[in-house]
Amino acid sequence: MDLDVLNMFIIAGGTLAIPILAFVASFLLWPAALIKVYHWYWRRRLGMQVNYAEYEGYRFCYSHRGNPGARPSVLMLHGFSAHKDMWLGVVKARNWSENSNMLFLFLPKNMHLVCVDMPGHEGTTRTSAVDYSIEGQVKRIHQFVKSIGLNKKPFHLIGTSMGGNVAGVYAFRHPSDLCGVTLICPAGLQYPTESKFVERLRELEKTQDSDGIPLIPSTPEEMEEMLRLCSFVRFKIPKQILQGLVDVRIPNNDFYRECFMELVGEKSRHSLHENMHLISTPLQVIWGKNDQVLDVSGASVLAEAVPGSQVHLLDNCGHSVVMERPRKSAQLIMDFIIAQQNAGINKKLS
């Protein structure tokens, strides 16, 4: 009997050891694969399904949850060199309700959410520079919206950084598609105060050094520097994970450089600034007060240009708002959507 018990513990220990050893091996040898598994796990856990949509031979990759319903659908546009999974933290954001003594999601499970890979990023078709300008991206996102029928009724559009620039210009180009727009630390403005990042870009412009762009790291050290630039919160990230993050990005760095040069070119650099006064869609602006990439002074520029816009400035938060403050971002977005929905109902009743 004792031998049987011993064998049982050995078998159980061996069974537990296999996934633990697999995790350790992945952490040490294949950190990039571990990161992909992490995203896969959370997409599955949150019920986010990955699909593809085509428009005249151009393929979009996107994740989604739920179906169109009483509340507006929500389309989320990520920033430069990111991908659709950057929104997972916002999707899973939850809070404790003292009244019901339960946890609830800020973005309800029955709400229709769509997160798309921007042109050339991750699973979406990579073509040429013409698609990476802001106008080019707006055109492609409009094609995506039509391809999945998202504009059958007005939806809410959210964009951060580069995606915020695209979302703002989209709101001006296609106002009938939208019931509201949320811009999170958007690019494309003329900022009263220059950020640390913009100052660095001016130096690179003088030297014509396209290899020194802080948002395109090629070593773990440069990755750590980029994370410090984008985030107010200081995380101690193991070198293996930093290496994994770099390994995922390096095959795409030539594309990122091409895309970045298009974004800072004359046609795209101030595209939101040039069109913001034409935005008629209800506007929400969210910005981290400690943003070192795009200075928070841009929020006042938008507020002055779009009367009635709602502005939220977050303390102890940098440029990566949706990753640093996912719960607060989700709460603010949901409150804004509900407020706009109620305003629409009251308008109809009156």
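Modeller: Before we start, a helix here is a DSSP run of H or I with at least four residues, and helices are numbered from the N terminus. By that naming, Asp247 lies in helix α8. Keep in mind that this is a predicted model.

Colleague: OK. Is Asp247 buried or exposed, or something in between?

Modeller: In between. Asp247 has 35% relative accessibility, so it counts as partly exposed. Its C-alpha is 9.2 Å from that of Pro220, although the two are 27 residues apart in sequence.

Colleague: Where does Pro220 sit, and which residues are buried there?

Modeller: Pro220 belongs to helix α7, which covers residues 220-230. The buried residues in α7 are Pro220, Met223, Met226, Leu229 and Cys230.

Colleague: Why would residues spaced like that point the same way?

Modeller: An α-helix has 3.6 residues a turn, so residues three or four places apart point the same way.

Colleague: And what do the buried residues of α7 pack against?

Modeller: They pack against α6 (196-207), α8 (239-249) and α12 (321-324).

Colleague: How do the axes of α7 and α8 cross?

Modeller: Those axes come within 8 Å and cross at roughly 95 degrees. Angles of 65 to 115 degrees count as roughly perpendicular, and α7 and α8 therefore fall in that class.

Colleague: Which residues meet there?

Modeller: From α7 you have Pro220, Glu221, Met223, Glu224, Met226 and Leu227. On the α8 side they meet Lys239, Leu242, Gln243, Leu245, Val246 and Arg249. By type, the contact between α7 and α8 splits into seven nonpolar, one polar and four charged residues.

Colleague: Let's back up to the loop before α7. What does Gly212 touch?

Modeller: Gly212 lies in the loop between α6 and α7. Leaving out residues up to four places away in sequence, Gly212 touches Arg200 and Leu204. Gly212 has a relative accessible area of 17%, and since buried means under 20%, it counts as buried. Glu222 is ten residues along the chain from Gly212, with 9.7 Å between their C-alpha atoms.

Colleague: Zooming out, how many helices and strands are in the chain?

Modeller: The chain has 13 helices and ten strands. It has 350 residues, and 49% of them are buried. Taking contacts between residues at least 6 apart in sequence, 73% join residues at least 24 apart.

Colleague: What about the largest nonpolar core? Which residues have the most contacts inside it?

Modeller: That core has 92 residues, and Leu75 and Trp287 have the most contacts inside it. Helix α5, residues 162-173, gives the most to this core, with seven residues.

Colleague: What does Leu75 touch?

Modeller: Quite a list, if we skip residues up to four places away in sequence: Val114, Val116, Ile141, Phe144, Val145, Leu150, Phe155, His156, Leu157 and Ile158.

Colleague: You mentioned α5. How do the axes of α4 and α5 cross?

Modeller: Helix α4 is residues 134-147, and its axis comes within 9 Å of that of α5, crossing at roughly 70 degrees. The pair α4 and α5 is therefore roughly perpendicular too. On α4 the contact uses Ile134, Glu135, Gln137, Val138, Ile141, His142 and Val145. On α5 it uses Met162, Asn165, Val166, Val169, Tyr170 and Arg173. Eight of the residues in the α4 and α5 contact are nonpolar, three polar and two charged.

Colleague: New topic: how many disulfides?

Modeller: Zero.

Colleague: Why no bond for Cys317?

Modeller: The closest cysteine sulfur to that of Cys317 is in Cys185, 6.7 Å away, which is too far for a bond. A disulfide needs the sulfur atoms within 2.5 Å. Cys317 is buried, at 0% relative accessibility, and Cys115 is buried with a relative accessible area of 1%.

Colleague: Last one: which residue that is not a glycine has a positive phi of about 50 degrees?

Modeller: That is Glu56, in the loop between β1 (49-55) and β2 (58-65). Glu56 is exposed, with a relative accessible area of 74%. Ser161 has a positive phi as well, about 55 degrees. Ser161 sits in the loop between β7 (155-160) and α5, and it counts as buried at 13% relative accessibility.

Colleague: Why flag a positive phi?

Modeller: Most residues other than glycine have a negative phi.

Note on methods: Residues are numbered from 1 along each chain as its sequence is written. This is a predicted model: local features need pLDDT of at least 70, side-chain atom pairs count only at pLDDT 80 or more; totals for chains, interfaces and linings use all residues. Side-chain values use heavy atoms; hydrogens and water are left out. Buried means under 20% relative accessible area, exposed over 50%, partly exposed in between (1.4 Å probe, protein chains only). Helices (H or I, at least four residues) and strands (E, at least two) are DSSP runs, numbered from the N terminus. Contact means heavy atoms within 4.5 Å. Axes are lines fitted to C-alpha atoms, for helices over the stretch in contact, and angles run from 0 to 180 degrees between N-to-C directions. Angles under 35 degrees count as roughly parallel, over 145 as roughly antiparallel, 65 to 115 as roughly perpendicular and the rest as oblique. Ala, Val, Leu, Ile, Met, Phe, Trp, Tyr, Cys and Pro count as nonpolar, Asp, Glu, Lys and Arg as charged, and the others, Gly among them, as polar. A nonpolar core is a set of buried Ala, Val, Leu, Ile, Met, Phe, Trp, Tyr and Cys residues joined through side-chain atoms within 4.5 Å.
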